[in-house]
Amino acid sequence: MSNQRKRLTGEREDEDDEDAEGIGEWERAYVDDRSWEELQEDESGLLRPIDNSAIYHAQYRRRLRMLSAAAAGTRIQKGLIRYLYIVIDFSRAAAEMDFRPSRIAVMAKHIEAFIREFFDQNPLSQIGLVSIKNGVAHTLTDLGGSPETHIKALMGKLEALGDSSLQNALELVNEHLSQVPSYGHREVLILYSALCTCDPGDIMETIQKCKKSKLRCSVIGLSAEMFICKHLCQETGGLYSVAVDEVHLKDLLLEHAPPPPAIAEFAIANLIKMGFPQRAAEGSMAICSCHKEVKIGAGYMCPRCKARVCDLPTECTICGLTLVSSPHLARSYHHLFPIAPFDEVPAFSSLNDSRRTLGKSCFGCQQSLIGTGNKPGPCVTCRKCKHYFCLDCDIYIHESLHNCPGCESIHRPKSVSLMEE
Amino acid sequence: MIFKIEDVTVYFPYDNIYPEQYEYMVELKRTLDAKGHCLLEMPTGTGKTIALLSLITSYRLSRPDSPIKLVYCTRTVHEMEKTLAELKVLHDYQVLHLGTQAKILAIGLSSRKNLCVNTKVLAAENRDSVDAACRKRTASWVRALSTENPNIELCDYFENYEKAAENALLPPGVYTLEDLRAFGKNRGWCPYFLARHMVQFANVIVYSYQYLLDPKVAGIISKELQKESVVVFDEAHNIDNVCIEALSVSVRRVTLEGANRNLNKIREEIDSVQLVGRSKATDAGRLRAEYNRLVEGLALRGDLSGGDQWLANPALPHDILKEAVPGNIRRAEHFVHVLRRLLQYLGVRLDTENVEKESPVSFVSSLNSQAGIEQKTLKFCYDRLQSLMLTLEITDTDEFLPIQTVCDFATLVGTYARGFSIIIEPYDERMPHIPDPILQLSCHDASLAIKPVFDRFQSVVITSGTLSPIDLYPRLLSFTPVVSRSFKMSMTRDCICPMVLTRGSDQLPVSTKFDMRSDPGVVRNYGKLLVEMVSIVPDGVVCFFVSYSYMDGIIATWNETGILKEIMQQKLVFIETQDVVETTLALDNYRRACDCGRGAVFFSVARGKVAEGIDFDRHYGRLVVMYGVPFQYTLSKILLARLEYLRDTFQIKEGDFLTFDALRQAAQCVGRVIRSKADYGMMIFADKRYSRHDKRSKLPGWILSHLRDAHLNLSTDMAIHIAREFLRKMAQPYDKTGTMGRKTLLTQEDLEKMAETGVQDMAY
């Protein structure tokens, strides 16, 4: 343990460098890995890897319950068109190595995953990237709908320097977001690794400004809870969380992918003009309006001004029309009608449950639900169709499929009435 | 919620109760039943005050035939206001459920400075001058004079109050100081005198320790309290020091000079009274009448009514009241002569070159042989002076403080043969070349001042967040408690993380032991610890050092070696000084830095003002570092004399007492960060001596129970690792009601269930 710390402090203290050199490569890998922490002793005294799946599932269920509790009763309107700025703190603290290989690398990796997931779940939304370095906030990318450009811009700028300033970042984002159309939901997601903020002015005023302009600020901390972040999130209605480890960080990030409930002021119905462009024929040549160069093949044509764009969804650079494809709309739809969370089946009572004995396997993947030692493993059941599912399927159904196989396989007329409900 | 504890129905103004609050009430109720005294230790942030108030008021309601009175003593005015505010909530709740029969009268009593509403009087800068300004307007002879001379200024509020006479009463209710002032202003009655008058009718009185412990004040304020009272000392971990201070006097050169001036003035007054007396019969008659009164004995004097109810004044043992004032000081001129001789003698004694230590007995005998003042005369000095000043109609009491101090000293020396010692030091230990002679009469026995309180009242409750080791307090204060218990805090999560740091990252031991404290390695390691900590702890960090001089030294070294600069890269640095205004400003800015996310470190001193009274809760204190063990200055003559006395009288070993005292200070310091259950914080004891069992075991139970064995012998790097993990864990959302058998919030049903099965089944 102390060896590892020495290696960490070695980054700052030159005299410790020799010490770190003294550790052999094999030893360092061992020390870094900390594999002994992932073992636990079972009843019979054998060492086993810690079984984390139950814990993760419990976490997942809590999250699900939280989300559905918010949606309980009435159907909550959700902001499907989101304008999200991701602020990444690249200050000195981001170079810390308590996440391996370093906070900055871990952040970049998971933001990449998040951006993809975000566009998958919110095809109508746009993202922009902002970084904080040396106490100043820089715009990495402007708002846009293409994951690739963001990821490329992000990966090119991986270095950590200087102080961090929350106020500068908020001011910058606020300025950018003041131009988005009123039906869009303004959000900021801040990945904050520093523990202090060196601001040029009164940050409380900036927070009030954000509150006034309906900017929903969420913060994910990487080391510890900070009062100002908590205050910011409380004031603007965002979420504040602190990551314990890498896996947790990923979960916390992905929590921000599904659209949040709409703020009451936005809840008025709004008509938005949209275009559904046609895909250009293979091999056709045209000057692309987004890259300003000649492109061959796969592209889309704006139905209003006939300009060519490369990716969907986007805004037509010529006439400003929002361009989407119908699958995008369809994919956003499930947020409005989520499947109710499944009930957990208590492990002990299930033995005498007659129906349980009938279906010993998961309805989704047909795997056996009997766990080790012939004991029934943990499983869940759908409230409507009463089918049993294993935990993996539970997560898959709620997070990816958005349809319950049990309910869908009930014969047609009934399922239609269910859908209409 | 309403529930029953044995035969008492308790009205508790909140819907949920912590299990330890419930147990606290049970123990308290047993104490009241037994009519005995008790010691209860419960960590701060668990709602001690409300538990106490709601049980005692409910107890009173359940025994309508023998109403008890609650006397609640707090240390500061701020705490007093907080207590009264809680009582208000409780009172509203009880009235809501029981109707008007639950109505009580509760008042807070404080000095004139806090209660006065007369703007002219309030213009005076300190407490004593406010008192004097008030007396100038309200003394009986001033008011008598003003009937002839309309130019003499009086206080309208007091006049109105006097006019209302017996009708000047407060309607039942709970009155904070603010409420009292508002009420007084509204009615035009003086709130201070009204409150003092209402003390005898009130059901709950909240005031400061001094009103019960200081013999000079207690005689005036608390003499009318009935025996069936429950006296509560809150935050009483320093009660022995308060008792000792109440009976200790120190005399300096300045005091003697002032006293001489006072005497001259008194002399002039006497002469003028006598001169005028030749022409006017009444004035000369005053001194004459006083003489006659004194012949008959103090007990018959109008303002000191003898009798059983009158609180046995510790400065004046009972027999003094029955004895007559000795003949040689009955006449005013004679008394002045005696005082003059006393001052001369004290002046001679102060001229000494060496440190002298003497017992009161030998002091009195040498005083007798050299100045011809005997012990009995000394004993009456204080009362004789009071009487003389009344007779001479002196109102500027603040100007006469020096002579009062000297008389106070004389009375104490004359009264007590044991438990005191007289120490004369020609210079301050730290500055040996500047002569600053001081003569100190120091009390060693805390039980002397508090004994009358224990004897007089039915139940005395001593309670605080840190009373460990709990068996030492009964010995120091010499009383036998019927209940002495230490409660743990039930927590939903491990929200405190105490650590003992014994080594720096280079594995060298760290300590503030005398021979090690200036070692550059130790200073550097202490600095590195802070540098590392400020980079991983968010918002506020508080550091406590053992003394001002040590703090100054270490900060200077850190500044030279650049450590301070490294700290300032992460957080702003604020330092406590001996100047109150400066410190207040520093604290204010510290809070602002914590609020706006900049982060700050506060350097403070154990036993200082900040360590005693300022909370660093929530983000204002996520980490507290206690550098070293805050032992008292062991070369101080007073401390040595006290240790000797404790060893001879109470069989308390010197080492034990010193450790106990140091550790309670340390616990007090680190306890500043946790003020409620939702809070969390880390505590680092940075000294290798804390890892020893004899030191560690004296920490309060609620800290010890979180001090894991693995955290007993840490080096800086290990502490950093633990801190990181802890902060991450604490930032996660948690369930407030507690899970898995560790119930930390009880509802009405839980309590009813518990009443059936017994408290013991409750899993902590």
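These are my notes on how chain B meets chain A in a predicted model.

**Confidence first.** I checked the overall scores, and the model comes out at ipTM 0.81 and pTM 0.81. For chain B I found a mean pLDDT of 84, with 91% of its residues at 70 or more. Then I looked for weak stretches in chain B. Residues 298-319 stay under 50 in pLDDT, and the model has 43 contacts for them beyond four places in sequence. Residues 759-764 of chain B also stay under 50, with 11 such contacts.

**On to the interface.** I looked up the buried area, and chains B and A bury about 2,400 Å² between them, 49% of it on carbon and sulfur atoms. Which three residues of chain B supply more of its buried area against chain A than any other three? I got B:His721, B:Arg724 and B:Arg728, which supply 24% of that area. By residue count, the contact takes 26 from chain B and 31 from chain A.

**Polar pairs.** I counted four salt bridges between chain B and chain A. I noted down the pair B:Arg724 and A:Glu96, whose side chains meet in a salt bridge at 3.1 Å, N to O. For polar contacts across the interface, I have 10 residue pairs, both partners at pLDDT 80 or more.

**Which elements of chain B?** I listed those that give two or more residues to the side touching chain A: α24 (520-536), α27 (580-595) and α33 (716-730). Of the elements, α33(B) gives the most to that side, with seven residues. Last, I sorted the residues on this side of chain B and got 11 nonpolar, six polar and nine charged.

Terms used. Residues are numbered from 1 along each chain as its sequence is written. Chains are lettered from A and ligands numbered from 1 in the order in which they are written. Side-chain values use heavy atoms; hydrogens and water are left out. pLDDT is the predictor's confidence in each residue, from 0 to 100. Contact means heavy atoms within 4.5 Å. Buried area is the accessible area (1.4 Å probe) that two parts lose on being put together, summed over both. A polar contact is a pair of N or O atoms within 3.5 Å; within protein, one must be able to donate a hydrogen and the other to accept it, and residues adjacent in sequence count only if both atoms are side-chain atoms. Helices (H or I, at least four residues) and strands (E, at least two) are DSSP runs, numbered from the N terminus. Ala, Val, Leu, Ile, Met, Phe, Trp, Tyr, Cys and Pro count as nonpolar, Asp, Glu, Lys and Arg as charged, and the others, Gly among them, as polar.
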